[in-house]
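Visitor: Please walk me through this structure one feature at a time, with the general idea before the case.
Guide: Gladly; let us look at it together.

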Amino acid sequence: MFAKPPHSAQDVPETLEIRISKEGPGRGTWRWSIWRGTTLVRRAPASFSGAEAAYEAGRRVLNR
């Protein structure tokens, strides 16, 4: 998750979260999506190169 720090204590925006997920069997089904709280802001229209490697790298960092 990547988060942008708030500008002030009174104006605290919801955190943006970038998720990489596999959405089906086989290769080429990895997608990125951007979320603000529980609201989907944007989603990749198609699979992108390196998605699986990015997911695995993030998982290794979080599981340390």
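Guide: Let us begin with pairing: two strands count as paired if DSSP finds at least two bridges between them. Strands themselves are DSSP runs of E with at least two residues, helices are runs of H or I with at least four, and both are numbered from the N terminus. This is a predicted model, in which local features need pLDDT of at least 70 and side-chain atom pairs count only at pLDDT 80 or more, while totals for chains, interfaces and linings use all residues. Residues are numbered from 1 along each chain as its sequence is written, and side-chain values use heavy atoms, leaving out hydrogens and water.

Visitor: Which elements does the chain have, and how do they run from the N terminus on?
Guide: The chain has 3 strands and 1 helix. Starting at the N terminus, the order is β-β-β-α.

Visitor: How do the strands pair in the sheet, parallel or antiparallel?
Guide: In general, strands of a sheet pair through backbone hydrogen bonds, in either a parallel or an antiparallel way. Here, 3 strands make an open sheet in the order S1-S2-S3, with antiparallel pairing. Strand S1 (16–22) and strand S3 (39–43) are the edge strands, each pairing on one side only. From one strand to the next, the twist averages 35°; for such angles, axes are lines fitted to C-alpha atoms (for helices, over the stretch in contact), and values run from 0 to 180 degrees between N-to-C directions.

Visitor: How many bridges hold each pair of strands?
Guide: S1 and S2 pair over 7 bridges in the antiparallel sense, and S2 and S3 over 4 bridges, again antiparallel. To find your way on the model, match lysine 22 with its bridge partner in S2, tryptophan 30. Then match isoleucine 34 with arginine 42, its bridge partner in S3. The hairpin of S2 and S3 has 2 residues between the strands, and glycine 37 takes a positive phi near 65° there.

Visitor: Which residues does serine 21 contact?
Guide: A contact means heavy atoms within 4.5 Å. Serine 21 lies in strand S1 and, leaving aside neighbours within four places in sequence, is in contact with Thr29, Trp30 and Arg31. Serine 21 and tryptophan 32 are 11 residues apart in sequence, yet 6.5 Å apart in space from C-alpha to C-alpha.

Visitor: Is serine 33 buried or exposed?
Guide: Buried means under 20% relative accessible area, exposed means over 50%, and partly exposed is in between, using a 1.4 Å probe and protein chains only. Serine 33, found in strand S2 (residues 30–36), is buried because its relative accessible area is 9%. Not counting residues up to four places away in sequence, serine 33 touches Glu17, Ile18, Arg19, Leu40, Arg42 and Arg43. The side chains of serine 33 and tryptophan 35 are joined by a polar contact of 2.9 Å. That term covers a pair of N or O atoms within 3.5 Å; within protein, one must be able to donate a hydrogen and the other to accept it, and residues adjacent in sequence count only if both atoms are side-chain atoms.

Visitor: And arginine 31, buried or exposed?
Guide: Arginine 31 also lies in strand S2, and at 17% relative accessible area it is buried. Among the residues it touches beyond four places in sequence are Arg19, Ser21, Arg43, Pro45 and Phe48. Over the chain, buried residues make up 9% of the 64 residues.

Visitor: How many salt bridges are there?
Guide: Side chains of opposite charge can pair when their charged atoms come close. The cut-off is a side-chain nitrogen of Lys or Arg within 4 Å of a carboxyl oxygen of Asp or Glu. The structure holds 2 salt bridges. One joins glutamate 17 and arginine 19, with the closest N and O atoms 3.3 Å apart. Glutamate 17 is partly exposed at 25% relative accessibility, and arginine 19 is partly exposed at 31%.

Visitor: Where do glutamate 56 and arginine 59 sit?
Guide: They are 3 residues apart in helix H1 (residues 51–62), so about one helical turn separates them. Their side chains meet in a salt bridge at 3.2 Å, N to O. Glutamate 56 is partly exposed, with 24% relative accessible area, and arginine 59 is partly exposed, with 41%.
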